[in-house]
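Colleague: I am new to this structure and would like to learn how to read it. Could you walk me through it, one feature at a time?

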Amino acid sequence: MDEAIRRALSRGHTIDITTTGRRTGLRRRIELVFHNFDGRLFLSGVPSHRKRSWIANLEADPHLTFHLKGPGASADLPATERGITDESERRAVLPLVAAAWGRRDLEAMVANSPLAEISLEDQVA
């Protein structure tokens with residue numbers, strides 16, 4: 001893996017992901033923020049009772065493209081997601097997300113925030 005990409009993955013920031021639409025089969029691109037905690041990559045979002053389309057798409061097909069963007073590195077990385085629904089695992093990861101965002105609504109995040117771990121294919125973050 002290129003050193004610039006490795007550096008970009010070492011800290012969380014804004015990226016895009018492309019998923020496959022669960023009903024249409026069309027490629028869908030959305031901007032999100034990723035987090036790197038101890039070398040593990042995560043996607044999350046603010047609490048909502050409504051399931052995000054990107055999560056529903058990844059539940060149907062866990063393959064995605066992880067688009068690094070910005071001045072430090074730009075790359076389109078094939079990846080796979082693992083949705084995190086287990087409450088104990090959510091309680092281990094979401095406090096880190098909440099701290100990164102300066103949020104104080106941890107219980108709402110545990111109950112209603114999307115959370116997925118991303119594994120880059122053929123690469124180690």
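**Rings, strands and a helix**

Modeller: Let us start with one ring. Phe66 has a relative accessible area of 0%, so Phe66 is buried. Please keep in mind that this is a predicted model.

Colleague: Thanks! How many aromatic pairs are there?

Modeller: The idea is to look at how far apart two ring centres lie and how their planes are turned. Here the count comes to two aromatic pairs. One of them joins Phe34 and Phe66 edge-to-face, with 5.2 Å from centre to centre and 70° between the planes. This pair links distant parts of the chain, as Phe34 is in strand β2 and Phe66 in strand β4, 32 residues apart. Phe34 has 1% relative accessibility, so Phe34 counts as buried too.

Colleague: And how are the rings of Phe37 and Phe42 arranged?

Modeller: Their centres are 5.9 Å apart and their planes meet at 35°, so this pair is tilted. Both rings belong to buried residues: the relative accessible area is 16% for Phe37 and 1% for Phe42. Since buried means under 20%, the 16% of Phe37 still qualifies.

Colleague: Now the strands. Which strands does β1 pair with, and in which sense?

Modeller: For pairing, we look for bridges between two strands. Strand β1, residues 14-20, pairs with strand β2, residues 27-37, in the antiparallel sense over seven bridges. β1 is also paired with strand β4, residues 63-68, again antiparallel, over three bridges. Thr18 shows both pairings: Thr18 stands opposite Arg29 in β2, and its bridge partner in β4 is Thr65.

Colleague: Is β1 mostly covered or mostly open?

Modeller: β1 is mostly covered, with six of its seven residues buried.

Colleague: What lies between β1 and β2?

Modeller: The two strands form a hairpin with six residues between them, and Gly25 in that turn has a positive phi of about 80°.

Colleague: Which residue has a positive phi although it is not a glycine?

Modeller: That is Asp38, with a phi of about 55°. Asp38 sits in the loop between β2 and β3. At 80% relative accessibility, Asp38 counts as exposed, because the cut-off for exposed is over 50%.

Colleague: What surrounds Leu43 in strand β3?

Modeller: To see what surrounds a residue, set aside its neighbours in sequence and list its contacts. Leaving out those within four places, Leu43 touches several residues, among them Ile15, Ile17, Phe34, Trp54 and Leu115. Leu43 has 0% relative accessibility, so Leu43 counts as buried. As for distance, the C-alpha atoms of Leu43 and Asp61 are separated by 16 Å, and the two residues are 18 apart along the chain.

Colleague: Let us finish with helix α3. How does its span agree with what is expected?

Modeller: The check compares an expected length with the distance between the end C-alpha atoms. At 1.5 Å a residue, the 15 residues of α3 (87-101) should span 21 Å, and the ends are 20 Å apart, so the two agree.

Colleague: Where does α3 have a kink?

Modeller: There is a kink of about 30° at Val93, shortly before the proline Pro95. Val93 is also one of the buried residues of α3, along with Arg90, Leu94, Val97 and Ala98. These buried residues pack against β2, β3, α4 and β6. Just after the helix, Gly102 takes a positive phi of about 70°.

Note on methods:
Residues numbered from 1 in each chain as written. Predicted model: local features only at pLDDT ≥ 70, side-chain atom pairs only at ≥ 80, totals over all residues. Heavy atoms only, no water. Buried < 20%, exposed > 50% of the residue type's maximum accessible area, 1.4 Å probe, protein only. Helix = DSSP H or I, 4+ residues; strand = E, 2+ residues; numbered from the N terminus. Pairing = 2+ DSSP bridges. Expected span 1.5 Å × (residues − 1). Bend = angle between axes of the 7 residues up to and from the residue. Contact = heavy atoms within 4.5 Å. Phe/Tyr/Trp six-rings, centres within 6.5 Å; stacked < 30°, edge-to-face > 60°.
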